[in-house]
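Here are a few exercises to work through with the model open beside you. Try each task before you read its solution.

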Amino acid sequence: MLRAFRPPGLENPALNMSKYSIFSLVRNAVSYHENWAAAWRSPEPKPEYDALIVGGGGHGLATAYYLAKEHGMSNIAVLEKGWIGGGNTGRNTTIVRSNYLWDESAHLYEKSMQLWEGLSQDLNYNVMFSQRGVYNLGHNLQDMRDIQRRVNANRLNGIDGHVVSPQEIKRAIPEINIDQGCRYPILGASFQPRGGVARHDAVAWGFARGADKYGVDIIQNCEVTAIRQENGAVTGVETTRGSIKAKKIGVVVAGHCSVMAEMAGFRMPIESHPLQALVSEPIKPIIHTVIMSNAVHGYISQSDKGDLVIGAGIDSYNGYGQRGSFPTIEHTIAAICEMFPVLRRVRMNRQWGGIVDTAPDACPIIGNTPVEGLYFNCGWGTGGFKATPGSGWVFAHNVATGEPHELNRPFALDRFVTGFLIDEHGAAGVAH
Amino acid sequence: MLLIECPWCGVRDETEFACAGEAHIARPLETEKLSDEEWADYLFMRKNPKGRHYEQWLHAAGCRRYFNAVRDTVTYRISATYKIGEQPPGEGEK
């Protein structure tokens, strides 16, 4: 969800080295919580860094954090054209799961899941990761066969999950409609108990604070306008805040990756689409888990504030406008109302769109590019949030060493030439 | 809601149409002579511009014919629609 407010201390240049704990909470309570130090600095860009990360969303900040923490690279900067976490990180429906079909993606998302499980402690920042379980519903026999296949594949990869019947779903979620006479009856679901949700803004802020602590410069309102190269290798970028030199540049800009690739002089197999979501007015706790339906195209969970968080499908056309079509929203709401007739009179508060970078096989592109020293991490499409820590972790390895990690090697750009695509349209959850 | 002008049927609601991706991608002749890179470029690589985009649409719930449109991907405004095989109106090249 896009929040109207800015994180505290954005303009305050004071360095914050304090650890968040019950003691710091008590100490600050004495001064009415008015003297909390800034969570990160807002420095002026230096003329040169060891590495630049373009894009200050969750993935970019996670990359910077792990570059500093795991690879000892602290003379780096994150360049963000707006404010950190203001793009897709602040616009998604915060679902975390790792139940992907193929080994390559299962391993990548499971790495991410394992990082999620210790993330709040690692960052000393509560990302409100709540493993409340994720149901993926099936509405016809083929859905159910696919679900069984996917759950079996997950279990072979050591990822938790099982197939549940409509009666079991009804026992867990009493409000759901399992009437077999409706247009898209619920025939069962896959259930991943370790799946859940996290607080999206906190993920961006936690990684930002963590990276800042290691000395990473987080530079906001700094849009990259050109990528400079010499003899096929990057030398730096031009930005709205001057030129900055670096021999390694990691680009993590989601919907704008084609724009960046064009600056660098190569083509991407990416199309950017609006993906919409909406939240209701806050209501009392009614949905304690996450329910996703690929077939009728709606997914729903309830935030800690009580608003129902509903995700829609992508608009069929390319778009950079961060808004989508009303018919797409209408379609999703119709599905939600059929699944949960009890919610028919709930009013919706806000609706918005983000720009998702969809790849032909619904899998990300992480790795080297035709330009030396330039690395791309994009194509996460409709499901990047869940991968935030894992994506940053593998991409940090790729940027630091210049070689992909075993986990992201299958996701290289050249898979579109070799033909080794990883078809995750089934597990991606949103039809592309 | 977009109002889209089908070159055969006139102005209709967006819900009648399906977007069918980038236009003016010609299938290469003599595909057996293409390198893997050239084939990948034809099959997967897309312009995906921020701004003016030439794309195909299908009037799925109407005449069920394809046509081309010029649309801005930021404002979503459609400035022209034209039939398959034609060049964009008022422009020398695509």
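**Exercise 1: the charged pair**

Which side chains meet in a salt bridge at 2.9 Å, N to O? Keep in mind that you're working on a predicted model.

Solution. Start with the count: the rule finds one salt bridge across the interface of chain B and chain A. Then pick out the partners, which are A:Arg267 and B:Asp41. For the wider polar picture, 15 residue pairs are in polar contact between the two chains, both residues at pLDDT 80 or more.

**Exercise 2: the chain B side of the interface**

Work out which elements and residues chain B brings to chain A.

Solution. First, the head count: chain B puts in 24 residues and chain A 26. Next, the area: about 2,200 Å² is buried between them, with 55% of that coming from carbon and sulfur atoms. On the chain B side, B:Phe44, B:Asn48 and B:Tyr76 lose the most area, together 31% of what that side buries.

Now the elements. Strand E3 (18–22), helix H1 (36–43) and strand E4 (52–58) of chain B each give two or more residues to the side touching chain A. H1(B) gives the most, with four residues. Sorted by class, that side has ten nonpolar, five polar and nine charged residues.

**Exercise 3: the cores**

Find the largest nonpolar core and look at what surrounds A:Leu61.

Solution. The largest core has 53 residues, and A:Leu61, A:Tyr66, A:Trp116 and A:Phe207 have the most contacts inside it. Chain A elements giving two or more residues to this core include strand E1 (51–54), helix H2 (58–71) and helix H7 (200–213).

Zoom in on A:Leu61, skipping neighbours within four places in sequence: its contacts include A:Val78, A:Ile84, A:Phe207 and A:Ile218. Don't stop there, though: a second, separate core of 33 residues includes A:Val253, A:Ala264, A:Leu374 and B:Met45.

**Exercise 4: a glutamine in a loop**

Is A:Gln180 buried, partly exposed or exposed, and what does its side chain reach?

Solution. Place the residue first: A:Gln180 is in the loop between helix H6 (166–172) and strand E6 (188–192) of chain A. Its relative accessibility is 42%, so A:Gln180 counts as partly exposed.

Then follow the side chain of A:Gln180. It reaches the backbone oxygen of A:Ile178 at 2.8 Å, and one of its polar atoms lies 3.0 Å from the backbone oxygen of A:Ile186. Beyond four places in sequence, A:Gln180 is in contact with A:Pro166, A:Pro185, A:Ile186 and A:Leu187. Finally, check A:His139: 41 residues separate it from A:Gln180 in sequence, with 9.8 Å between their C-alpha atoms.

Conventions. Residues are numbered from 1 along each chain as its sequence is written. Chains are lettered from A and ligands numbered from 1 in the order in which they are written. This is a predicted model: local features need pLDDT of at least 70, side-chain atom pairs count only at pLDDT 80 or more; totals for chains, interfaces and linings use all residues. Side-chain values use heavy atoms; hydrogens and water are left out. A nonpolar core is a set of buried Ala, Val, Leu, Ile, Met, Phe, Trp, Tyr and Cys residues joined through side-chain atoms within 4.5 Å. Buried means under 20% relative accessible area, exposed over 50%, partly exposed in between (1.4 Å probe, protein chains only). Contact means heavy atoms within 4.5 Å. Buried area is the accessible area (1.4 Å probe) that two parts lose on being put together, summed over both. A salt bridge is a side-chain nitrogen of Lys or Arg within 4 Å of a carboxyl oxygen of Asp or Glu. A polar contact is a pair of N or O atoms within 3.5 Å; within protein, one must be able to donate a hydrogen and the other to accept it, and residues adjacent in sequence count only if both atoms are side-chain atoms. Ala, Val, Leu, Ile, Met, Phe, Trp, Tyr, Cys and Pro count as nonpolar, Asp, Glu, Lys and Arg as charged, and the others, Gly among them, as polar.
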